[in-house]
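Colleague: Please pick one part of this model and take me through it closely. Short sentences, please, as I am in my first year.

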2 protein chains.
Amino acid sequence: MTDTILSSATKEVVIGFDRPFVMIGEKINPTGRKLLAEEMKAGDFTRVEKDALDQVAAGVHMLDVNAGIPLADEPALLAEAVKLVQSVTDVPISIDSSIVEALEAAIAVYEGKPLINSVTGEEEVMERVLPFVAKYGAAVVAVSNDDTGISEDPNVRFEVARTIINRAADHGIPKEDVVVDPLVMPIGAMATAGRQVFELVSRLRTELAVNTTCGASNVSFGLPNRHAVTGSFLAMAISHGMTSAIMNPMHREVKAAVMAADVLNNQDPNCALWIAENREPPADGDERGARGGRRGGRRGGRRGTATE
Amino acid sequence: MTDTILSSATKEVVIGFDRPFVMIGEKINPTGRKLLAEEMKAGDFTRVEKDALDQVAAGVHMLDVNAGIPLADEPALLAEAVKLVQSVTDVPISIDSSIVEALEAAIAVYEGKPLINSVTGEEEVMERVLPFVAKYGAAVVAVSNDDTGISEDPNVRFEVARTIINRAADHGIPKEDVVVDPLVMPIGAMATAGRQVFELVSRLRTELAVNTTCGASNVSFGLPNRHAVTGSFLAMAISHGMTSAIMNPMHREVKAAVMAADVLNNQDPNCALWIAENREPPADGDERGARGGRRGGRRGGRRGTATE
């Protein structure tokens with residue numbers, strides 16, 4: 001049993017083996033979202049607030065927050081976005097940036113125990129990120145690439161993960177606070193991408209006993225009907241032991257695939273979450289997100305269930 | 001590599017490792033279908049013909065045909081149904097009955113190499129079914145229960161499968177012509193049913209090198225939004241090595257989950273089947289089966305792809 005405990009000021013979420021899969025909302029990310037990028041750069045966080053509320057209403061347990069905008073003051077923007085999201089929701093946050101200063105600025109204003117997304121196996125990155133992860137008592141996503149880049153060999157990616165876990169331990173960070181991202185490539189570009197991840201997740205769990213996460217949407221990049229591909233990918237990954245993912249809960253079939261996989265992997269006792277989720281018929285003709293959207297908000301909903 | 005080759009008079013389908021998953025249409029089965037049962041008993045096979053054509057249009061590679069009607073002359077009905085289905089479609093058939101005489105009557109009129117569904121590990125059943133499977137050169141589904149019933153212990157079910165495979169060999173039936181059904185229980189009644197099947201499928205493949213199948217819909221019995229559960233189940237089973245299933249291809253999300261799992265498990269080279277399946281938008285507002293229904297019929301469609 002490896003429990004990664006994250007928290008906001010008032011709420012805990014646990015990523016762990018044999019628990020309901022933790023869904024981390026991906027939407028607050030200006031990459032590829034021109035309008036959001038322009039608004040955030042201009043100090044307008046209206047859409048960030050809406051995306052936070054919508055995803056929580058759709059049932060996410062955590063929110064990923066990214067402010068990666070070219071030529072912007074990313075540390076200030078990320079800190080501002082994190083503060084805003086914490087003011088309107090109570091789910092723990094995955095603070096997401098490739099800029100170390102931005103991670104550090106945001107962790108300084110965060111209330112609770114965040115997930116820092118991410119540290120790589122690059123020497124300089126490890127030595128800059130791990131000290132403040134340790135200082136603030138946070139958890140961290142370990143991405144399996146290093147100074148040589150992203151290897152296509154899953155054995156190399158496994159060893160990079162092991163290196164980061166060991167280095168984190170040197171800094172006093174226990175392995176339950178390191179969540180490994182085995183790196184998910186688009187299946188349309190790399191036919192073995194799925195099988196690699198399934199095998200890596202299984203090995204990371206059985207050999208290193210760590211929790212895992214990934215950016216799930218990447219697997220279906222460029223394919224038609226991509227949400228069905230992402231949904232099947234997550235169900236398959238869950239059956240090999242993956243315990244969380246950054247994903248879009250607004251896509252009905254993706255969320256349904258994850259919750260059904262929890263049932264099938266015996267992670268939803270008495271099918272209680274599944275039955276609650278599917279009890280009510282949609283209020284109108286729009287099935288997309290309607291079931292999840294019915295509950296949620298600050299107090300209601302399924303968010304807390306991962307801690308039960 | 002273990003290839004189970006089935007055929008009709010004109011078409012071959014191969015169930016095998018690392019090939020596209022073989023979908024066997026489940027609908028021609030009067031169990032729980034009162035109207036169909038009454039019609040078949042009265043000699044009216046109109047609905048059987050429609051169900052055959054609809055499922056082939058929806059993309060199945062094979063059709064399961066069952067005529068289990070209480071107090072009816074099942075051997076005569078099953079033979080009649082098999083003849084009719086062979087006259088209107090060209091996919092191979094899974095001849096499905098728990099009555100040995102019915103299996104024998106239907107195999108006698110079948111053109112090609114059918115899948116006989118099924119033999120159990122019960123002593124009397126093995127000694128009655130395996131001789132005519134061998135005589136006709138058919139393949140057979142081995143269901144993992146024996147004279148002691150259905151064990152809840154997956155290790156017992158594994159040993160029953162091994163017993164049937166060995167007994168089949170005694171009768172001259174090679175292991176590639178034995179497709180094991182590890183038995184899928186409703187997840188709502190047995191929380192470990194999914195994990196048991198995933199582990200059994202993996203062991204059957206790595207230790208005994210046999211193909212596998214199951215009655216997929218059973219897993220979601222009694223649950224709301226059950227097609228999503230069946231779809232995730234099949235994706236997870238495929239990622240552990242399952243190679244075919246008796247299922248309903250008319251349920252859009254079940255079929256999509258299977259085809260996406262083929263992509264993610266590297267069983268759909270260049271995502272060609274996935275892209276072809278999802279190229280065209282639905283012709284009308286009804287998404288259910290519309291994509292599959294566009295092609296199909298006797299000549300078109302995806303049916304033959306499992307042999308490629």
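Modeller: We start with the sheet of chain A, then step outwards.

First, the ground rules. Residues are numbered from 1 along each chain as its sequence is written, while chains are lettered from A and ligands numbered from 1 in the order in which they are written. This is a predicted model, where local features need pLDDT of at least 70, side-chain atom pairs count only at pLDDT 80 or more, and totals for chains, interfaces and linings use all residues; side-chain values use heavy atoms, with hydrogens and water left out.

Now the sheet. It is open, has eight strands and pairs them in parallel. The order is β9-β8-β7-β6-β5-β4-β3-β10 in chain A. The edges belong to β9 (211-212) and β10 (244-247) of chain A. Each has a single partner strand, so one side of each is left without a neighbour in the sheet. Two terms help here. Strands (E, at least two residues) and helices (H or I, at least four) are DSSP runs, numbered from the N terminus. Two strands pair if DSSP finds at least two bridges between them.

Look inside the sheet. Strand β5 (residues 93-96) of chain A pairs with β6 (residues 115-119) of chain A in the parallel sense. Three bridges join them. Ser94(A) has Leu115(A) as its bridge partner in β6(A).

Helices lie against this sheet. Helix α5 (residues 123-136) of chain A packs on it and touches β6 and β7 (139-143) of chain A. A contact means heavy atoms within 4.5 Å. The direction of α5 makes about 165 degrees with that of β6(A). Such angles run from 0 to 180 degrees between N-to-C directions, and the axes are lines fitted to C-alpha atoms, for helices over the stretch in contact. Helix α6 (residues 154-170) of chain A lies across β6, β7 and β8 (178-181) of chain A. It runs at about 165 degrees to β8(A).

Strand β6 has one more detail. It holds Ser118(A). The peptide bond from Asn117(A) to Ser118(A) is cis, with omega near 20 degrees.

What about the loop between β9 and α8 (226-239) of chain A? Asn225(A) is found there. Asn225(A) is not a glycine, yet its phi is positive, about 45 degrees.

A side-chain detail comes next. The charged end of Arg205(A) sits over the ring of Phe17(A), 4.2 Å from its centre. This needs NZ of Lys or CZ of Arg within 6 Å of the ring centre and within 35 degrees of the ring normal.

Finally, the partner chain. A rotation of 180 degrees with 0.0 Å of shift along its axis superposes chain A on chain B, with an RMSD of 0.0 Å. That is the relation of a two-fold axis. Met236(A) has the C-alpha of chain A nearest the axis, 2.3 Å from it. The fit is by least squares on the C-alpha atoms of residues with pLDDT of at least 70 in both copies.

The contact takes in 36 residues of chain A and 36 residues of chain B. The area buried between them is about 2,900 Å², with 63% from carbon and sulfur atoms. Buried area is the accessible area (1.4 Å probe) that two parts lose on being put together, summed over both. Arg195(A), Met236(A) and Leu264(A) supply 25% of what chain A buries against chain B, more than any other three residues.
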